[in-house]
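User: I am new to this model and should like a close look at its charged side-chain pairs. Please explain how they are placed, and then describe the surroundings in which they are found.

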Amino acid sequence: MSAALAPIPLETETITRERDALQRTWASEPGLLGWLREVNHVSIGKRYVITAFVFLLLGGLEAGVMRLQLSRPENRILNPDSYNQFFTVHGSTMMFLFAVPVMLGMGIWLVPMMIGTRNVSFPRLNAFGYYTYLFGGIVLYGAFLFNTGPDAGWFAYPPLSTAFTPGKRTDFWAQMITFTEIAALAASITLIATIFKQRAPGMTLNRIPLFVWSILVISFMVLFAMPTVAVASIFLALDRLISTHFFNAAEGGDPLLWQHMFWFFGHPEVYIIFIPGLGFVSHIVATFTRRPVFGYPMMVLSLVATAFMGFALWVHHMFATPLPQLGQSFFTAASTVIAIPTGVQIFCWIATIAAGRPRYATPFLFVLGFFIVFTIGGLTGVMVASVPFDLQVHDTYFVVAHFHYVLIGGALFPLLGAIYYWFPKFSGRLMSETLGKWHFWLLLIGVNVTFFPMHLLGYMGMPRRVYTYLPETGWGPLNSLASAGAGIIVVAMLIFAWNVFSSWRNGDVAGPNPWGADTLEWATESPPAPYNFAHIPVVQSPAPLWEASGTMPVVTGMRTDVREVLISSVMDAHPCGKHEHPGPSIWPFLTSVCVALYFVPVIFTPWGAVLGTVAVLAGAAGWGLPHATSSKPLPAPGSMYKDEPLTPEAAR
Amino acid sequence: MREDIFHPGGPLAREVARFGGFLHVVSAAVFGLVMIALVLALVRRAPVSERGMRRGVALATSLTVATLFVFLVYDLSVGRTTGRAPSRGRQLTVIGHQYWWEVHYNDSFPSRQVITANEIVVPVGEPVRLELQSHDVIHSFWVPSLRGKKDLVPGHTATTWFQADTPGIYRGQCAEFCGHQHAKMALFVTAVSPDSFVSWYKGQQAVPPAPSDSLRAEGLKVFLTTTCATCHNIAGTPASGTAGPDLSHVGSRMYLAAGTLKNTPGNMAGWIMDPGAYKVGSKMPSHYGTLTDRQVRAIAAYLEGLR
Amino acid sequence: MTRTVLCASALVLLALACEREDRDFHSDPAAATPKPNIVMSSLQPGPVAVIPKTEAPYDDNAWMTAEGMRLYHQMNCSGCHFEGGGGIGPPLMDDEWIYGSDPANIYATIAEGRPGGMPPWGTRMTPQQIWTVVSYVRSLSGLTPRGARPGRSDHMSGNLAPQNRTPEKPKPTFTPPASWRP
Amino acid sequence: MTPVMDTELVPPPQRLVSAFDASGIEEKYFGTDSVSWWGTVGFMVIEGFTLILCMGAYFYLRKNELGWPPERTPLPDLVVPTISLATLLLKLVPISMAARKARRWDGDGVRRWLAITLAWNLVNLGMRIAEFGALRVRWDTNAYGSIVWATLFDHAYLILFDLFETAGIALVFFRHQETHRDFGAVDDDAMYTWFLVLAFIPVYVMLYWFPRWT
C-alpha cells in the first residue's frame, strides 16, 4: 500500500497529458443515443434540475389559474371537476415532481464535486432514476392532458380516492407516486454510497461540507419515507384495481391506515425538501460573509436531530381524526421540540453574519429572504402543533399560508439563491445581478402579498380545496389581494426565467471561483470537465480553498484510461481502494422503459403485472449481463485457482 | 351570521381564541427579535468575536426552549379544558353525506326523534354532544365560532361537543375535501333561547300539516307519484326515502342545498328542475324534462308549506 | 408520414380518453337524446331481420356508469333486483336476459317497463339518466369495458366487484318462471 | 461591471503538488470497501422496511376485528408454510458455500454451489406458490385477506428477484466470463439471501402463528 508522500510539484506537461487522457475516457457521447446512454453525474444532475424547474413552471401555472378562479366569489373559470384536477396536480407536481427531485438533483450534481470525486457511486442506477422520474412526470401530465388528471387531492384520502372516484384518474396518480419513489430511492442509495465511500482523502466526517451533510441526512430519510408512500400507494392501487380491502371500513379495512402511512411519509417529506435548503443557506452565508459557518458540530447535529424527529410527528396532520387524545400530546410535544434544532441553525447563521463581512449579492439576498419568510412559516408551524389551535385552523387557508411560507421560505428561496450562486458552475457564466435583485424583491413582495392574507382567510373560516365560495362569506377582498400577489410572483419568476436564459447565452464569463468560496467544487473549472478533477484533491481543513496557500495537495497515480475513482474509508476518509466505474449504457434508459411497461398497463389490466415483471426482468438482464460491463476479465480461468487463494495483487 | 375563530360564540372557541391571541403576541415578539438580531448582525460596526457568537447563540437557544416550554404548558392546559366532553347535554348524531349534513336529535322514544338537515338549532348555555359518522367519504365538522373541527370517518364514530353562549346564527363548512361540492357543503348552527328551542323542537316533532290549498295538494300528489319520494322522507306521508335529506319541515329552513341557495319557492323550483346548475355534481338528479313547470311549482309550494 | 400517423393516433387517443373520463354534469333536455329504435325480437314474418346493434353512450365512461349505480340505488332498483343478484325481480348479473342484453333493449325495459312488475321509468327519469343505468346494469354482468366498470363497493360484501367479474356471454332469450308471469 | 466578483477574494492559481500516490491501491471486492456492498445493503434496508410496513399494517388492521382471522375466515394452513420456511433456511447452505468459495477465488467451487442454489431456488418458488393456497383466503374477501396476500407477495417478489440475480451471476460463471467483481457479487448475493431468509421468519410467525395465539 502506498502512503502519503512528501509533496512533489506536478509538471504542467504531465497535467496536460493526463487531462487529455481523462477527457477521452470520461467524455460524453454525441447524438441522441449518446444522450440516452449518458451516465455522468453532472449531466444527470443538470437534467434533474432542469426537468424539475419545468415542472415548477407547470405547477406554478396551475396555481395561477386556481388563483384566478378564486379571485372573486362564484367565479366560473374552472368548474369543480377541473379545479379538483388542478389543485391535485399542482400539489403532486410541487411535492413529487419538483421539490424532492430538484433537491436530490442538486445533490447528484454538486455532491461529487464538493467531496472531490469524479462521479457518483452507481452511475447507471443514477441515470435509471432520472428516466424513471421523468416517466413519472410524463405519466401524470399525459393523463392530465387527456382529462385524466387525478382529482382526489395530492393526499388522496380513501374512500374518496377509492370507491368514490371511478375512472382511471387516481390510478395514474398512484403510479406516478411509485415512479417518483423509485427514482428518489435510486438517487438516495447512490448518494449515500458516494458520500460514505468516495470522499477525497482527508475529508473526515467533520470536514464534510454542510450541504453534503444535508444530502446525506435526507438520503437516509428517503430510505424510510419513500417505501412507506410506495407501499401505501400500491395498497391504494390494489384497492382500486383488484378490489382488496385495505381501506374499506366495511370489510375490516381502515381509511385511517392510509392517513397514518401517508403522513409517516408526508411529514418527513417536508424535511426532505427543506433540509437541503438549509445546506444551501450554510454555503451562501459562509461565502458571502467570508468566514466558515459558526458552530459546525451544532449544525450537523441539528440536521441529524431534525431527521430523526421528522419521523415522530406525522400524527399532527391527523389531530381532527378520531384518535385517542393521550397520544396527541406526544405529537404536540414532538412538533414543538423540532423547532429547536431549526432555531439553533438560524441563530448560528445570524451569528456568522455578525462575525463576518456581508456582501449583498443576489444569493445572499435570497438568504435574507429565507430568514424573513421561513421564520414566519416556522412560527405558524409551532402554532399548528397545538391541538386546540390546530383544530381551528386545520384544513383551512391558514394551513395553506403556513406551508407555503415554510416551503417557499425554507426551500424555494435557498434554492433560487443556490441557482444564482452555483450558476457559474452550471454554465460557466454569472447571472445578471440587476435582474436578480428585481427577481428577489418582486418575489419577496409577491409571496407575502399572496400568502399573508391566507392566514386571515383561515381565521374567517375558509376551508382549503374549495373551488369557489359564496359572496356572503365575505372572503372576496382578501382572495382578490392574494390573487394579485400571485400575479407579482408570476412576474418575478418570468424575470428569473429570462435571467437564466440570457445569462446562459451571454452572461459574464466566470472563472473557476467567482465568489471566492471555500469548498472543493470551486477548485474545478466552470463548468467542470467530465471527470471533475484532473487530480483528486487531498483535503486538510474544513475550508480547503481558503486555507490552501498557493499549493493544492492532490492524489496522483490514478488510471486515466478507465473510469477509476478513489474509495476511502467511511469515518476518516483514508484511501482504501479504487473502483472502476461503468461507462455509458443504454440499459438504464431501457430498464426505465420496462418499468413504465409495468406500471402503465397494470392500470388497465391485471395482466400488466405479468407483462411488467417479464419486462423488468428482461431490462435487468440486459443491464447486468457481461456485455454491458466494461470490467476486465480474470487472466485465464483454470490453473490459477487451483493452488492457493488468488489475490488481486497476484493476478497482476 | 358569524364565522370567525376570533369572534367566538361559546366557551370552547373563546378559550382557543384567547390562546390564539397569546400565540400571536409571542410569535410577533419572536419574529421581531429574530429580525432585529438579523439587522444588527448586518449593520454592526465591528465583527462579533467568537465568544460573542457563542453567547448569542446560547442565549437565543435557551430563550427558544423557555418560550416553547411555556407554549407547551399553556397548550396542554387549553387542550385539557377543551378536550373533556361534558356528561350532560343533548345528544345529536351528525351524518356526513356528499354534499350535505344529516342531523338526528336522538331521543329514547323513536317517535320523538327529530331528523333535519344542514341546520342545527340548539339552546344557548347548554352543551351539545355530537356523534359524528359518515355515509360515504371523509368529511369534517367545523363551526369556527363554536369549536374546532372533527373528522367524520367511515367506519369510525367520532364524538365531540360544543356550547353556544350567545344567541345567533353560526356558519360552518365541511373542512375535509370530499369531492366536487366540498365548497358548497355548509351548515348552520342557530343558537336560540331555551324557550324558543323547546317550541322549535315541538314543531319539528309534529307531523307537518296536510296541504292547505289545491296547488299544494297537487304538489304532494306529484311528490308521491314521481321519483321524489324514493329519496326523501316526509313525516305523515308515504314518502320515506333515505338517500336525500328529510323534508318533513323543509319550509322552516333558511337555506337549500347545504347553504347554497336561500330557501324561497322560486329557488326550490329551480333547484328541483336542475340541481347541477347551482351545485355541479350534486347527487340530486335533474328533473329537466320529466316534470312540467306546473308540477315543479306545485312541489315547491307544497314544500314551502312544510314548516 | 410517420408524423402524420403519430399525430392522428394521438388525436384518437385524446378523443377516446376525453370521452372515457368525461363527467357530464348537466342533464340534457329530454329531446336531445333520441330514444333508440328498438327491435324486440328476431322473430318476425318474412326474411330474417338484421338487428342493428345499438351503442350505449356511457358504456366506456366510468364516471357515468357510477352515476348509473347511484341512480340504481336512489330509484330503488335494488328494491327488487337487489345488488344485481335478483330476488323479487330477475337477476341482472347472470347471462340470461329476458328482453335482450342490447343497450337499446335494456333502455326500453327501463323506460317502458315490462309485464310482471317492472314499472316504466321513462316519465320519471331523463334519457341521460336512463342511459347511465343501462351502462351500470350492463356492467353488472361484465358487458362493458373492464376499465369503466365499478370497482369494489364500500358497502357490499361477498360480491365480486363488477370490474373483477368475467364477462358473461348473454343468452338471447330465457323463459321466465311461472311466478314472474302476470 | 460585475460588482459581485470580488477579485481580491479569488485565490491565486494554485500549484498542484502530489500529496498521495494512489497507484498502489487496488480495487476491493468484498465487504464495506466495495461500493456494490453498499448498494446491496441499501436495497436490503428498503425492502426490509416495506416488509416492516406490511407487518405494521397487519397489526393495525387486526385491531378492527374482534377475532383474528375475522369471522367466517379459516385459519391459515401450517404444514405447507413450515415446509416452505424449512426450504428457505436450507437455501442458506449452498449460497453460503458459494460465497466461501468466492472469497477464495475458487471459480469451480462457485459454479458448483451456484448450480445447487439455483436448483433449490426453484423449490423455494414452488413452495411459495403453494403457500398462497395455504392462506385459505382470497385477497378480496376482507382486509385480512388483502394484507396477508400483500405481505406474502412482497416477500415472494424478493424470492423472485433473488432467483433472477443468482441466475444472472451463474450465467456469467458458467460462460467462464467472471471477473473479480463477479466474485464480489456472489458474496453480496449471499448476504442478500441471508437477509431474505431471516426476514421471512418474523413474517412466518406473524402470518401463521399469530392468528393461532389470539
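Analyst: A residue counts as buried under 20% relative accessible area, as exposed over 50%, and as partly exposed in between. This cut-off is needed for the charged pairs below, and the model to which it is applied is a predicted one.

The salt bridge between R112(B) and D107(B) serves as a starting point; the N to O distance is 3.8 Å. R112(B) has a relative accessible area of 39%, so this residue is partly exposed. The value for D107(B) is 24%, and therefore D107(B) is partly exposed as well. Side chains of opposite charge can pair when their charged atoms come close. Over all chains, the structure holds 37 salt bridges.

A second pair is formed by D151(A) and R169(A), whose closest N and O atoms are 2.7 Å apart. These two residues link distant parts of the chain, being 18 residues apart. D151(A) belongs to the loop between helix 5 (123-145) and helix 6 (169-197) of chain A, whereas R169(A) lies in helix 6 itself. Both D151(A) and R169(A) are buried.

A third pair crosses between chains: D33(D) forms a salt bridge with K197(A), with 3.1 Å between the closest N and O atoms. D33(D) is placed in the loop between strand 1 (15-21) and helix 1 (35-62) of chain D, and K197(A) is in helix 6 of chain A. The two partners fall into separate classes of exposure. D33(D) counts as partly exposed because its relative accessibility is 22%, while K197(A), at 1%, counts as buried.

A polar contact of another kind is found in chain A. S43(A) lies in helix 3 (residues 41-70) of that chain, and a polar contact of 3.5 Å joins its side chain to that of E38(A). Leaving aside residues up to four places away in sequence, S43(A) touches S28(A) and E38(A).

The nonpolar surroundings may be described next. The largest nonpolar core has 329 residues, and within it M106(A), F371(A) and F141(B) touch the most other members. Residues up to four places away in sequence again being left out, F371(A) touches I346(A), W349(A), I350(A) and I353(A) of chain A, together with M35(B) and L38(B) of chain B. Another core, of 25 residues, lies apart from the largest one; among its members are V280(B), A56(C), W63(C) and Y136(C).

Chain B also contains an open sheet of 3 strands, in the order 4-10-9 and with mixed pairing. Strand 4 (119-123) and strand 9 (168-173) stand at its edges; each has a single partner strand, so one side of each is left without a neighbour in the sheet. From one strand to the next, the twist averages 20 degrees. Strands of a sheet pair through backbone hydrogen bonds, either parallel or antiparallel. In chain B, strand 4 and strand 10 (residues 186-192) run parallel and are joined by 5 bridges. One of the bridge partnerships is that of V121(B) with T190(B), the latter in strand 10. Helix 3 (residues 194-205) of chain B lies across strand 4 and strand 10, running at about 135 degrees to strand 4.

Conventions:
Residues are numbered from 1 along each chain as its sequence is written. Chains are lettered from A and ligands numbered from 1 in the order in which they are written. This is a predicted model: local features need pLDDT of at least 70, side-chain atom pairs count only at pLDDT 80 or more; totals for chains, interfaces and linings use all residues. Side-chain values use heavy atoms; hydrogens and water are left out. Helices (H or I, at least four residues) and strands (E, at least two) are DSSP runs, numbered from the N terminus. A polar contact is a pair of N or O atoms within 3.5 Å; within protein, one must be able to donate a hydrogen and the other to accept it, and residues adjacent in sequence count only if both atoms are side-chain atoms. Contact means heavy atoms within 4.5 Å. A salt bridge is a side-chain nitrogen of Lys or Arg within 4 Å of a carboxyl oxygen of Asp or Glu. Buried means under 20% relative accessible area, exposed over 50%, partly exposed in between (1.4 Å probe, protein chains only). A nonpolar core is a set of buried Ala, Val, Leu, Ile, Met, Phe, Trp, Tyr and Cys residues joined through side-chain atoms within 4.5 Å. Two strands pair if DSSP finds at least two bridges between them. Axes are lines fitted to C-alpha atoms, for helices over the stretch in contact, and angles run from 0 to 180 degrees between N-to-C directions.
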